[in-house]
Amino acid sequence: MANPYPQVYLGDRIVAAEAATVGVASSAVLYGLSVYTVFPVHVAGAARTAFRLDDHFRRLEESCKIIGIDRFAQEWDYQRFYAAVVEVVGQNAPVEDVFVRATVHVVESIPGTRVRGCAIQVSIFVYDAVPIVPQDGMRLKSSPWRRIPDNAIPSRAKVNGAYVNSVLAKQDAIDSGYDDCIFLDGNGHVCELSAANIFLVRNGTLITPDVSCDILDGINRRTILTLAAEDGIPVVERAVDLTELYIADEVFVTGTSAGAAPVFEVDGRTVADGQAGPISQALRKRHAAALRTDDLHGWITPLN
């Protein structure tokens, strides 16, 4: 479990965490009508830096656009978002790495099932950077629950209400003694975990479901693809069959809250020799370094 920090940005100011609430009659509560993003903040003494902050803001913009939350683009730009992040991180003064979750809530009261023109509030809070999956080897179970398709609730929009799908699938995996689930689409192809993208390695090639496979177009997923290309690792984005994971040389997952974590077992089958493979280890090391320092890609934003 992760602990939230005591100061929260809500609306246009910092408030105590216990006062950071939205109404029970709001669309955010009634329909799960909020979108969000989560990003890591690295703390080194007095210095604090955010990873790919502009990309995370862009994802909020795109999620709002997909769902039709038009007030966000009218009321927020990157500079306002940056200033709010700096303020809430500064007020909480973390002394170790943290995660920051920014959410756009539709707070119109009892508007019915509509979204355009509805009032919004933005919340930003800081919490302990505790991984949501084991970092020393995961056990995954393919889920009986199918991933919500793009033509029902778009996966590339991080919509709070859609995560009921993830809760059902992950709870089934936990109840069955596994660490997390593997979502399949309606055709039986691999999508992702409950809250992380998935990769496999076969004969030296890095393979991952493409963005048309009902997945989140994850920012850390994109990071891994960039780092792999720079290391000369062949990369293929395509539909993936579940049985390919059974015979993979390596499997790992990525996400802000997942890191770049190895998978040792899928549906009771050991992945290769049950240890992290060389490509997984190399990309995990590069990913961890990229979260802290970057002179090549412009991924690091100072928050001081």
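1. Accessible areas here come from the Shrake-Rupley method with a 1.4 Å probe. On that footing, the accessible surface of the protein chain, in what is a predicted model, comes to about 13200 Å², and carbon and sulfur atoms account for 52% of this surface.

2. Regarding overall dimensions, the C-alpha trace of the protein chain spans about 50 × 45 × 30 Å along its principal axes. The radius of gyration of the protein chain is 19 Å, which agrees with the value near 19 Å that a compact globule of 304 residues would have.

3. The secondary structure of the protein chain comprises 8 helices and 15 strands. Of the 304 residues in the protein chain, 53% are buried, and among the contacts with a separation of 6 or more, 71% are made by residues that stand 24 or more positions apart.

4. Turning to the aromatic residues, the count comes to 12 aromatic pairs. One of them is formed by F199 and F252, whose ring centres lie 5.0 Å apart and whose planes meet at 5°, so the pair is stacked, the cut-off being under 30 degrees. F199 belongs to strand β9 (residues 197-202) and F252 to strand β12 (residues 250-255), and the pair therefore ties together parts that are 53 residues apart in sequence. Both F199 and F252 are buried.

5. A separate point concerns aromatic clustering, since one aromatic cluster is formed by Y9, F39, F57, F72, W76, Y78, F81 and Y82.

6. Helix α2 (residues 53-67) contains D54, a residue that counts as partly exposed because its relative accessibility is 31%, which falls between the limits of 20% for buried and 50% for exposed. The C-alpha atom of D54 is separated by 8.4 Å from that of W299, although D54 and W299 are 245 residues apart along the chain.

7. On the surface, L30, Y31 and I110 make a nonpolar patch of about 310 Å². Within this patch, I110 is found in the loop between β5 (98-106) and β6 (120-128), and I110 counts as exposed because its relative accessibility of 64% is over the 50% limit. A reader inspecting the patch may thus wish to view I110 together with L30 and Y31, the residues with which I110 forms the patch.

Notes. Residues are numbered from 1 along each chain as its sequence is written. This is a predicted model: local features need pLDDT of at least 70, side-chain atom pairs count only at pLDDT 80 or more; totals for chains, interfaces and linings use all residues. Side-chain values use heavy atoms; hydrogens and water are left out. Patches are made of residues with over 30% relative accessible area and no salt bridge: like charges are joined within 9 Å, nonpolar side chains (Val, Leu, Ile, Met, Phe, Trp, Tyr) within 5 Å. A salt bridge is a side-chain nitrogen of Lys or Arg within 4 Å of a carboxyl oxygen of Asp or Glu. Helices (H or I, at least four residues) and strands (E, at least two) are DSSP runs, numbered from the N terminus. Buried means under 20% relative accessible area, exposed over 50%, partly exposed in between (1.4 Å probe, protein chains only). The radius of gyration is taken over C-alpha atoms; the globule rule is 2.2 Å times the number of residues to the power 0.38. Contact means heavy atoms within 4.5 Å. Rings of Phe, Tyr and Trp (its six-membered ring) pair if their centres lie within 6.5 Å; planes under 30 degrees apart count as stacked, over 60 as edge-to-face and the rest as tilted.
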